[in-house]
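Please read the following points alongside the model. They begin with one cysteine and then widen to the chain.

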Amino acid sequence: MPVPVPRQRESTAVEHGQVLLPKQQAGSSMQTAAAAAPVAATVQAAPASPGMSANSTDLTLLVIEDDPAGTFTVPSLLDAAGTRVRIRTARNLTEAERLLTDDVHCILLDLALPAPSSGGDGEAGDRLAALRHVLRLAPRHAVLALTAETDADLAAEAVRVGAQDYLFRDELDGRQLSRAIRYAVERKRADRAQHKLAESRLRAQENARLERGLLPTPLLEGSNLRFASRYRPGRSRALLGGDFYDTVRTSDGTVHAMIGDVCGHGPDEAALGVELRIAWRALTFAGLCGDELLSTLQQVLEHERESEEIFATLCTVDIAPDGRRAGLCLAGHPSPLIARQGRAAQLLPYEDGGPALGLLPRARWSRRQVELGGSWSLMMYTDGLIEGRVGPPGSKQRLGQDGMVDMINRQLAAGLRGEALLEAAVTEARDLNGGELTDDVALLLLDRG
């Protein structure tokens, strides 16, 4: 069966035109028809493309009413703002579905239209069954309900069900209809925007809860070390990035700490970072350390990464139960900074570092023994802290590790410790950069004495 060609009517501009509906009283209909005779609407085929309209503010109205003559006459819908309303008519819901194209802005539904014979649109006797059907059929379109003035309660119920507004056919004229269409379209747009905003907020809250749950909880029960951390993802409005860290104490009294960075800082990198952190914790509790642990983590990375170009840097430290010595492993990661009592902060040795995880299939990593002393502060960090720019605007000079060491020494001299030290480090690095740091930043601080 061929699809019927949409009927579209172009109305002449008249200041006080009347809408002529087939269900109006005979006397008023005749008077209105006589007044509108000089400006009777002409029926013409719809243009090939709605986008070809000369006026970008033109609106298209789909009228759904069961008048067998199809004489829905609107002689004046060119309002003061220059908006022209093009009209299509459908005598039933089946025809309306065919005519409901993307260029339709608003639907005017006669509530007297018979309900669909099937489809679960409501219980028998439901006078709004046709409206419910249209709302399911056109969830993105504005809908106006048309009814008699004696059905005011039904009209109000139509709005509660989902229509944007209602009109009484006995008092309808061109100006009122044009204004109602504009209002309905704008209200529908506002409703959709509000709905999307609510969905976005719920999604953001859910993501925030998830990300907070994925951040580590240090397990240091029984240790005399103090722990502090600072985390700032590079992604806007995110809580978790590609950087990751963790700290645990095993049954023999050894404190293990690690910090890492998956290349990139999107949600996929964040997920991979969480997987590596959880794997590190499980392997550490299983007794793995040094090269054996890093080799196993590399296998996890190779199986979980999206592509072979993804790699991760890692720094691990295992501090002896007496707190005076530690084993250090570096996999393409910057070396930690240590500040000993009475001495300036400096970097731990980094000459024996190995490649980042995921770069070389059979890479090996050495574990270097370092002396910590009796009282110390050990700061582990990701390269987001040291890659910010310094100098005048446009400068390509980076803060670097040497600049970071100088910055931390100034802050230690000012008496900063713990969380305050980490917060000051991130703040100053951001200020030196002249704005927000683009990469993820993670810092971990362990204090003894």
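1. Cys-289 is partly exposed, at a relative accessible area of 30%; buried means under 20%, exposed over 50% and partly exposed in between, with a 1.4 Å probe and protein chains only. Cys-329, in contrast, is buried, at 1%.

2. This is a predicted model, where local features need pLDDT of at least 70 and side-chain atom pairs count only at pLDDT 80 or more, while totals for chains, interfaces and linings use all residues. Residues are numbered from 1 along each chain as its sequence is written, and side-chain values use heavy atoms, without hydrogens and water.

3. Why is Cys-289 not bonded to Cys-329? Their sulfurs are 6.2 Å apart, too far for a bond, since a disulfide is a pair of cysteine sulfur atoms within 2.5 Å. The count of disulfides is zero.

4. Cys-289 also helps to line the largest cavity, together with residues including His-256, Trp-280 and Asp-318. A cavity is a set of points on a 1 Å grid over the protein atoms alone where a 1.4 Å probe fits but cannot get out; lining residues have an atom within 4 Å of a point. The space inside comes to about 80 Å³, taken as the space filled by probe spheres set on the points, which are joined across faces, edges and corners.

5. Of the 449 residues of the chain, 47% count as buried. Among contacts (heavy atoms within 4.5 Å) between residues at least 6 apart in sequence, 69% join residues at least 24 apart.

Notes: 1 Å grid on protein atoms, 1.4 Å probe; cavity = no way out; pocket = protein on both sides within 12 Å on 5 of 7 lines; lining within 4 Å.
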